[in-house]
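User: I have a model open and want to go through its backbone oddities. Can you walk me through them?

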Amino acid sequence: MSEFGGMEELLQDFLMESNDLLSDVDNKLVELEKRPEDRALLNDIFRGFHTIKGGAGFLNVAPMVTLCHRTENLFDKLRNAELQLNPEVMDVILDATATVRDMFGTLGQGLMPKDADGGLLTTLDAVLSGRMPQAPAPQAAPAAPAAAAPAPAARQSNEPDWNTLYQAVVPAAAPDRTVVEAPAVVVAAESEPVTAVAPPRAPAPAKTTSVTKSASGGGHENTIRIDTNRLDMVLNLSGEIGLTKNRLTTLRTEILQGNNDSNTLRSLDEAISQLDLLVGDLQNAVMKTRMQPIGRLFQKYPRLARDLARQLGKDVELVLSGEETELDKTMIEDLNDPLVHLVRNAVDHGVESTAERITAGKKPQSLIQLTAEQVGDHILIEITDDGRGMNADALRRKAVEKGLIDAEAANALDEKQCLQLIFLPGFSTKDQISSVSGRGVGMDVVRTNIQKLNGRIDINSIPGEGTRISISLPLTLAILPVLVVRACNQPFAVPLAMVREIITIDPEAIQEVSGNPTIVVRDEILPLKTLAGLLGWAPTQKPGFGVLMQSAERSFILAIDSFVGRDDVVIKPLQNIRPKGVAGATLSGDGSVVLVLDMEDLLTAKDGMGGVVKTSELITI
Amino acid sequence: MADKNLRFLVVDDFSTMRRIVRNLLKELGFTNVDEAEDGQVALHKLKTQHFDFIVSDWNMPNMTGIELLKAVRADQQLKPLPFLMITAEAKRENIIEAAMAGASGYIVKPFTAATLEEKLNKIFQAINK
């Protein structure tokens, strides 16, 4: 049984590496459509399937071996110019690639994938034998490895060893086996000695489920690849922190013994400063181990854009840049759905059809750019298209038609605010529900997902020239920069990302607009909400300061009693209870518990009457 | 029985596969194993370090296994090294090509520790003859 000890880990490794490989293959397929004769590309794709097949063979994933084997044969013929690449062949290839990816998914859940769809295999065979998809012809595949071998003859009589070697290598390969069985036969025969793993004659799927089931563990990708240099850094730092701790222990003993002269105290100060520095470095180093290049996510999209564009009859090129930008692993996983949606939207709604583009005097092929870069302590992801742009008036009309806002509110919106309307739940500008997009469940979900990652999403659009959607994300979720404020004699932390500026509240400056207190800051009328009011508590004193907060599309002033300062905190979730508006708790420097506020949650919880206190209260308390 | 301290070089572009081969060798008691991700890297390692045995995949980018094999056999220093070729193909022409290029043995993926041991022993016997 030791033969495949560590199979679970191996499976995880295999899936991670193969997934990357398959994404690479996907992108090369998109390239291949442009340069169907490129031998280097054909070779690379061939090798991709070949490698996956090899790994799958060791893991006894027979359905994957069979499918990859045939796809590989197909590429062998393509690169040897025995077959021509045409759209039909391409469809079969893309279908096969998608099926392999599905199988990865199944394996990831610790289950043995089912055999590939019979239709797909038949079509592959048909293509292999030079016929287009029609009659089933499983026997006809000429590239079968076993079928290619006639009875070993005496052609290379000088090398007698090689016939025996050949037979040793292919023990059971009867010449007239069909291609379906050939790889499986090799698997079974070669595995025979390992009875525990692969009992001879057992049907392939059955014998491997037992192995893979134990590998199920957790559903999502729960292993991570880390550059050993980064890991070494963590090790070094923790070692150094250990040394500093020893130093502190010694100093404590000295001080406890009454030796607190200035030298000792200075050493203590030095040691603590050093510890401070080291812990900061360690936090950074640990964070870096979780960083992954965003390219692992991006590389899936050219294929997505290509498929969709083809379906819609558009000509679209998706250009990636900044793939090496690194982001926290969990964020990368959570970014996938929003980005998929944005890419689909750009292809579906953003860019025009080829005919429309020509009429508008644009170049026929539309360009969508997906970029990532680090800007300060944030990651900026932008998706830009050169399509028709968004029409503010049309958006306004649509929102009113759908009853999402009333006409009066709509007219009060400026152009920039109109663009934000697409984030409203139930908003969709397509009248027809298509399979692509247009169910109106999209953009509000996208925004919610981005906000869950403490990120912001913005839209810029110029009619006729295109649309740019920008997503700004913190580098990591593990450490959150916050502003600690006080209200009702208690400290609270608000995410620094939302803080625009801090102002003092002058009671004279508070104006009442339709019954709500507001303050004018640089010609902008901003509603004033007290933190105590938002929490539903009675204010204990007149608020002295205001924090100008900016959430997705609204700005307001959060009135508070006083400040503590800014801090980087680690949020601990509250167990079992989830008070509205509280994201979690953290410890402050003096050891007291500070609640970390979830501003969006707090605002929606109290919306309408949220934090609205009588203006008089603000002034008179 | 072969010396368990023999130094192996495992050449494959797929790291999962290198790990598999490494694990299998470990089961057979060979723990002195280094890895290379293609023929070029392998050749560089072979020329700068000492190895006793090469186990190489066939299909790799940059420099394939068969190219590596030919380069090894053309090098006066490296010439006598045992070379076990790994491949996913049981195609006759491949086996013949490997044989002509001077492979010491040939093993088809997937294989077990027992199969690997059998192949290794055959090669050791041939050397000791």
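Backbone notes

Analyst: A:R522 counts as exposed, because 5 C-beta neighbours lie inside 10 Å. Exposed means 12 or fewer other C-beta atoms within 10 Å of a residue's own, buried means 20 or more, and partly exposed is in between, with C-beta atoms placed from the backbone. This is a predicted model: local features need pLDDT of at least 70, side-chain atom pairs count only at pLDDT 80 or more, and totals for chains, interfaces and linings use all residues. Residues are numbered from 1 along each chain as its sequence is written, while chains are lettered from A and ligands numbered from 1 in the order in which they are written.

User: Where is A:R522?

Analyst: In the loop between β12 (516-521) and β13 (524-530) of chain A. Its phi is near 45°, positive although the residue is not glycine. Strands (E, at least two residues) and helices (H or I, at least four) are DSSP runs, numbered from the N terminus.

User: And what is phi of A:C488?

Analyst: Near 50°, again a positive value in a residue other than glycine. A:C488 sits in the loop between β8 (480-487) and β9 (490-495) of chain A. A:C488 is partly exposed, because 16 other C-beta atoms lie within 10 Å.

User: Switching to chain B. Which residues does the cis peptide bond join?

Analyst: B:K109 and B:P110, with omega about -10°. B:P110 is in the loop between β5 (105-108) and α5 (113-128) of chain B. Most peptide bonds are trans.

User: Back to chain A: how many residues of α3(A) are buried?

Analyst: 16 of its 18, so the helix is mostly covered. Just after α3(A), A:A81 has a positive phi of about 60°.
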